[in-house]
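Would you like to practise reading a protein model with the coordinates open beside you? Work through each exercise below, then compare your reasoning with the solution.

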Amino acid sequence: MRSANSEADMTCCASCGITQEVDSEIKLKTCTACKSTKYCSIKCQKDHRPQHKRFCKKRAAELHDEILFRQPDSTHEGDCPICCLPIPIDPQDSTRM
């Protein structure tokens, strides 16, 4: 059995090691929680679960944190630092202009 962290697992089943060929009928499915480990069948996923469980929980938490704390795409001087919405600035009242 292979570890869930190796690069070889990116193109083969983490449990049995079957590789996905371009023209073969084997389609590897990605673990929905960690999105990094692939399996050829539900049976392989269930068989590999005890070895994969710790890595999966850790990676799923990392993905959740990345999504939760992702910064806005752009930062503007007039954005609210709390809600990231643009703050309307009245040019007549502003001393910055």
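The exercises that follow concern a predicted model.

**Exercise 1. Find out how the chain is built, and what share of its residues is buried.**

Solution. Start with the elements: there is 1 helix, together with 2 strands. Next, put them in order from the N terminus, which gives β-β-α. Then turn to burial: 23% of the 97 residues count as buried. For the surface, the chain exposes about 7,900 Å², with carbon and sulfur atoms supplying 56% of that area. Finally, consider contacts between residues at least 6 apart in sequence: 34% of these join residues at least 24 apart.

**Exercise 2. Work out which residues make up the largest nonpolar core, and what Cys-56 touches.**

Solution. First, list the members of the core. It has 9 residues, and the cysteines in it are Cys-13, Cys-31, Cys-34, Cys-40, Cys-44 and Cys-56. Ala-14, Leu-28 and Tyr-39 complete the set. Now take Cys-56 and set aside residues up to four places away in sequence: Cys-56 then touches Cys-31, Ala-33, Cys-34 and Arg-49. Compare the two lists, and you will see that Cys-31 and Cys-34 are core members that Cys-56 also touches.

**Exercise 3. Locate the salt bridge of Asp-47 and decide how open to solvent its two partners are: buried, partly exposed or exposed?**

Solution. Begin with the general idea: side chains of opposite charge can pair when their charged atoms come close. Here the partner of Asp-47 is Lys-43, and their closest N and O atoms are 2.8 Å apart. Next, place the pair on the helix. Because Asp-47 and Lys-43 are 4 residues apart in helix H1 (residues 42-68), about one helical turn separates them. Now apply the accessibility cut-offs, with exposed meaning over 50%. Lys-43 has 59% relative accessibility, so Lys-43 counts as exposed. Asp-47, at 37%, is partly exposed.

**Exercise 4. Trace the network of salt bridges that contains Arg-59.**

Solution. The structure holds 3 salt bridges, so look for the ones that share a residue, using the cut-off of 4 Å between nitrogen and oxygen. Arg-59 meets Glu-62 with an N to O distance of 3.1 Å. Arg-59 also pairs with Glu-66, where the closest N and O atoms are 3.7 Å apart. Together, Arg-59, Glu-62 and Glu-66 form a linked network. On the helix, Glu-62 and Arg-59 sit 3 residues apart in H1, about one turn. To finish, check the accessibility of each member: Arg-59 has a relative accessible area of 23%, Glu-62 has 33% and Glu-66 has 44%. Arg-59 is partly exposed, as is Glu-62, and Glu-66 is partly exposed too.

**Exercise 5. Decide whether His-52 is buried or exposed, and name its side-chain polar partner.**

Solution. His-52 lies in helix H1. Its relative accessible area is 1%, so His-52 is buried; the cut-off for that class is under 20%. Now look for a partner: the side chain of His-52 makes a polar contact of 3.5 Å with that of Thr-37.

**Exercise 6. Determine where in the chain the pLDDT falls below 50.**

Solution. Take the chain average first: the pLDDT is 77, and 68% of the residues score at least 70. Then go to residues 1-9, where the pLDDT is below 50. This stretch has 18 contacts in the model beyond near neighbours in sequence. Before using those contacts, remember that predicted coordinates should not be read in detail where pLDDT is low.

How values were computed. Residues are numbered from 1 along each chain as its sequence is written. This is a predicted model: local features need pLDDT of at least 70, side-chain atom pairs count only at pLDDT 80 or more; totals for chains, interfaces and linings use all residues. Side-chain values use heavy atoms; hydrogens and water are left out. A salt bridge is a side-chain nitrogen of Lys or Arg within 4 Å of a carboxyl oxygen of Asp or Glu. Buried means under 20% relative accessible area, exposed over 50%, partly exposed in between (1.4 Å probe, protein chains only). A polar contact is a pair of N or O atoms within 3.5 Å; within protein, one must be able to donate a hydrogen and the other to accept it, and residues adjacent in sequence count only if both atoms are side-chain atoms. Contact means heavy atoms within 4.5 Å. Accessible areas come from the Shrake-Rupley method with a 1.4 Å probe; for residues, only the protein chains shown count as cover. A nonpolar core is a set of buried Ala, Val, Leu, Ile, Met, Phe, Trp, Tyr and Cys residues joined through side-chain atoms within 4.5 Å. pLDDT is the predictor's confidence in each residue, from 0 to 100.
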